[in-house]
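Visitor: I'd like to go through this one slowly, asking what earns each label. Could you put it up for us?
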Amino acid sequence: MNTGQAPAGGRTQAVAAEAGPRPGHSGAGGSPAGGAALAVTAIAGGVGAARMLSGIASVVGQRSMTAVVNTGDDTVLHGLHVCPDLDTVTYMMAGVSNLETGWGLAGETWGVMEALAAFDAVAGRSLAWFRLGDKDLATHLYRTGRLAAGATLSQVTSDIATRFGVEARLLPMSDQRVETRVTLASGEVGFQEYFVGLGHAVPVKAVRFAGSEVARPAPGVLQAIERADIVVICPSNPVVSIGPVLAVPGVAEAIVRRRGATVAVSPIIAGKALKGPADRMLAELGYEPSAAGVAEMWAPYAAAIVVDNADAGLAPRIEALGVRCVVAPSVMSGPAEAAKLAEAALGAAP
Ligand code: FO1
């Protein structure tokens, strides 16, 4: 999917803080016991990817990992540059994320949002519809200030990861702005207006990634894909979380070249997304909302896919696509389950 446009017809080849980490968090990174760590590069969206990454970290150690993260969800609010997926991944890898929501920081307070909402009447609209916690705001303030002073998003992302003690390499997909735009019956809106503002409760007619045609992969992205022992396509929404990454020129081609070393994990279990609108969105855009539909989308990119036990019956269809199907429990209800899924995914890579 290197067209800057999400696929509309489906079935196409071209698809196309609190102080300190929680106990058990492997923030120090390092190799797993008993040998050299595998170098893993993950293509990541938001919450599902963050859980998967923490599972991978518990298997190979953070220092062996690179995550190439979607920035199509990024938005400017109150003049601040907010990068939801980068922050979700950073906070999860640091062991400081809000585990209930999956986004934002644990132990957050909301004083600024409450004070901001007091301006709603004079503004004539809701100002705090996208909730930025007091501590989380420090991340957006720092990022915005550094970008305004001329730093690249890659540099700032690296700084933020360092501040939170993350040792995995976190790369934005691009230093240029690529904006996921969603067409609804009422017209086109930005991704967060659809996702948070409208609670993703309205049908999607089309998705595009504005700016992708002229974007370049951020420094290190192509090398991380080329040099990885294993590339993992995380269980994120294929259209709006992984799609923008693939839309950055050169990234899809790099993954296709590493197809033999690439494994995907299905975000769809028994026809449903655990969180978010992926199942509905796939159907609305002409894809089959099932693990087999996801396998069909990823067949050009990945030699193997992990699907949940509930989808074991789809294995023959998936294998007929030329994709090795590994069946494993894939609901990441906690760190132990995430680690087991990571083991299955890393073991699935040919
Ligand atoms: N998601 C929500 O559903 N409501 C919010 O108010 C919200 C605020 C927010 C603030 C910072 C951040 O990094 C993420 C936030 N998210 C919120 C999550 C975000 O909209 C989505 O999870 C991703 O964009 C989809 O991957």
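Guide: Sure. One definition to start: helices here are DSSP runs of H or I with at least four residues, numbered from the N terminus. Also, this is a predicted model.

Visitor: Which helix gives the largest share of the shell around the ligand?
Guide: That's H2, with four residues. H2 spans 84–94, and helix H7 (191–197) also supplies at least two residues of the shell.

Visitor: What makes a residue count as being around the ligand?
Guide: The C-beta atom, placed from the backbone, has to lie within 6 Å of the ligand. There are 19 such residues, and Gly46, Asp73, Pro84, Trp103 and Arg131 come nearest. By class, eight are nonpolar, six polar and five charged.

Visitor: How do you know that E1 and E9 pair?
Guide: Pairing takes at least two DSSP bridges. Strand E1 (residues 40–44) and strand E9 (residues 230–233) are joined by four and run parallel, so they qualify. Ile43, for instance, has Ile233 in E9 as its bridge partner.

Visitor: And what joins E13 to its partners, E10 and E14?
Guide: Three parallel bridges link E10 to E13, with Ala264 partnered by Ile305. Four link E13 to E14, again in the parallel sense, and there Val306 has Val326 as its partner. Both counts reach the two bridges needed, so both pairs stand.

Visitor: Why is the sheet called open?
Guide: Its seven strands run in the order E5-E2-E1-E9-E10-E13-E14, with parallel pairing. Strand E5 (169–172) and strand E14 (324–327) are at the edges with a single partner strand each, so one side of each has no neighbour in the sheet. From one strand to the next, the twist averages 20 degrees.

Visitor: Which helix packs on the sheet and touches E14?
Guide: Helix H14 (residues 335–348), which also touches E1, E9, E10 and E13; its direction makes about 155 degrees with that of E13.

Visitor: Which way do the buried residues of E13 point?
Guide: Ala304 and Val306 go one way, Ile305 and Val307 the other, and all are buried. For that label, each needs 20 or more other C-beta atoms within 10 Å of its own.

Visitor: Why say the buried residues of H6 line one face?
Guide: They're Leu153, Val156, Thr157, Ile160 and Ala161. Down the axis of H6 they fall within an arc of 140 degrees, so they line one face. In an α-helix, residues three or four places apart point the same way, because there are 3.6 residues a turn. The cover over the buried residues of H6 includes H2, helix H5 (134–148) and E5.

How values were computed: Residues are numbered from 1 along each chain as its sequence is written. This is a predicted model: local features need pLDDT of at least 70, side-chain atom pairs count only at pLDDT 80 or more; totals for chains, interfaces and linings use all residues. Ala, Val, Leu, Ile, Met, Phe, Trp, Tyr, Cys and Pro count as nonpolar, Asp, Glu, Lys and Arg as charged, and the others, Gly among them, as polar. Axes are lines fitted to C-alpha atoms, for helices over the stretch in contact, and angles run from 0 to 180 degrees between N-to-C directions. Two residues are in contact if their C-beta atoms, placed from the backbone, lie within 7 Å. A residue is buried if 20 or more other C-beta atoms lie within 10 Å of its own, exposed if 12 or fewer, and partly exposed in between; C-beta atoms are placed from the backbone. The arc is that of the directions from the helix axis to the C-beta atoms.
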